[in-house]
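Colleague: I keep getting lost when people talk about sheets. Could you walk me through how to read one?

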Amino acid sequence: MSQNSKDASHDHDHPGHDSTNSRRDFFKNFGLFGAVAAAGGAAVYTGYKYEETKPGANFVRVLTADNRIIEVPKEGFKDIKVDLNQLQKQGREGLKGHRFVMVIDLAKCRNARKCITACQGAHHLRPHEYHINTLVMQESENTAPYFMPKPCQHCDNPPCVAVCPVDATFKRQDGIVLIDNERCIGCRFCIAACPYSARLFHWEEPLVVEADKGTPYNIELNVPQRKGTISKCLFSSDRLREGKLPYCVSACPNGVYYFGDENQDSVTNGTTKETFRLSELLKVNAGYQLMPELGTKPRVYYLPAKNRLFEFKEDKDPVQSI
Amino acid sequence: MKRYFILLIIVLFSMQLSAQEWVVAPAEAALKSPFAFTDSTRKAGEVIYVANCKSCHGDPGKNNVIQLVPIPPDAASVKMQANTDGALHSKLIQGRGAMPSFKNTLSSTDLWRVISFMRGFNPKYVQEVAVPTIGSASAQNVSIKLNWNKTSGQVEALLTSLKENIAQPVAGAEVKLFAKRFFGNLPIDEARKSDALGKVSFNFPKDLPGDSIGNVQLVVKLTDEVAFGEASAEANLTVGVPTNRPALTDQRSMWGVLEKSPVWLIFAYVLAVLTAWGFIAYVVLQIRAIYRAGSKE
């Protein structure tokens, strides 16, 4: 081809013989065409070569856990599709052979609110939406005030589950009470039934919309949230599936939370990671439950606020001061 | 006026900081690593650092720390490197505020490895290794065997080390026993020292739940890592109470799914539905009878 184009230029340089012109014209046109074709072909070819070798063509850039950007060939790539049905099924069944239990030591709580922010971050909640909240308690005028974190009590006899007309909220074999936002119709019977006021109703559109787009609904995380449905503490079931402590438990800087398995008679402190016998901890510290007289059989125990580690300092507006 | 205000804020802020001073006892600050920091200890330390420290302290030297109050210093910063090895070790054990204590999550050797990694970012650092250094004990490469003594009801650990290819008992080494639980290791009994035969006996509680056949995963660890080096062993022994509690959703209840709802409820519901439909069917049949009676005439 390039040979042809050379010929063409040669022909063009020596115009002269005025015979029929047809042969010359033919070569001229042919040469011109050839030159264009050669240039085009070369461009396409180099373009193709460049595409082949340039980074990111058959490779995908991936950020590793240790902050390096690496390239992985596209052929070896496999999209992980999280199956909604699988998430729903495993979320309904729960973890076999466990009975999860939480112990809250009121003597150690000083309203640091790290549990609250960790929880809200994980479940995409607004600052005024609480799955867990610290309440200011004072039994009577002459008794000392204290802070009381209050999550869902995950009752063994849950009134909220009994009243749900659409089987949206349910109890699992490991004791955790969850909500299926895909089924929930927002009737709020469960809010009325819950004696611990543990549930909240999503009046507004979810806080995180863009980032959650296309994410399959995880029943163990209640993410993406949905307007017009109920949400509440989930004991971080998604973390328990990985053998990790719940978000609030591991976020607490003061060692307030113990979390564990009643079947193994052990609870682990989220701050110090020390493990204790559940029965002993409750016996030695006179552990108690909230409103046991209602027969709800809560799975959350409290240790009384005696020998408080911190002075009680009530913030007028604790949310603002953080 | 504005300047005074800023000054006041700075003073107040520094007062608050000094109020939560991180106190390290002089004896602890003078503590030195039992081993020399090498490339291999730095590498091991990096793995531990990435898993436990990086989320707040960022990559050393890159100043990409998380913005908390107080701000966690960069591991390569002057502030961090001004600490003695012992002070860093002590602070890792103590923890403060949002910084957790690593007392129960990382072994002392692992803490020294992290410090070794951090010191790698300080070109001026010259290490002083503790005397006695690691391996000062007569026994090295200790191996531990666990077994259950049914007659005494105790868990026994046998500590041996190879000397000229003959297993010798290790005496005077302190070990701790743990039972593995879902979220952590439950300490059993107290730390005990091995006797002249290299034997340690732990009292085991009679009421500790095991799995469905009573098996408990046990972990035994040598506590004196400095002298003896690291050693641990695991064993699955039938020492617990067989625990096979039913799932919480197994019993019939008002909150159960259809298959698990109370029998009386299913019965009453079915009866009510049948009664209602039966009545409707009766009415329809009666209307049909009236229609037929009418059409006969």
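Modeller: Sure, let's begin with a pair of residues: Ala179(B) sits opposite Leu186(B), which belongs to strand 5 of chain B. Mind that this is a predicted model, where local features need pLDDT of at least 70, side-chain atom pairs count only at pLDDT 80 or more, and totals for chains, interfaces and linings use all residues. Residues are numbered from 1 along each chain as its sequence is written, while chains are lettered from A and ligands numbered from 1 in the order in which they are written.

Colleague: What holds strands together in a sheet?

Modeller: Backbone hydrogen bonds do, and the pairing is either parallel or antiparallel. Here, strand 4 (residues 174-180) of chain B runs antiparallel to strand 5 of chain B, with six bridges joining them. A strand is a DSSP run of E, at least two residues, numbered from the N terminus, and two strands pair if DSSP finds at least two bridges between them.

Colleague: In what order do the four strands of the chain B sheet come?

Modeller: The order is 5-4-7-8, in an open sheet with antiparallel pairing. Strand 5 (185-193) and strand 8 (232-237) of chain B are the edge strands, each pairing on one side only.

Colleague: And what about chain A?

Modeller: There, five strands make an open sheet in the order 12-11-10-3-13, and the pairing is mixed. Strand 12 (275-277) and strand 13 (300-303) of chain A each have a single partner strand, so one side of each has no neighbour in the sheet.

Colleague: Which residue stands opposite Thr268(A)?

Modeller: Thr275(A), in strand 12 of chain A. Strand 11 (residues 266-269) of chain A pairs with strand 12 of chain A over three bridges, in the antiparallel sense.
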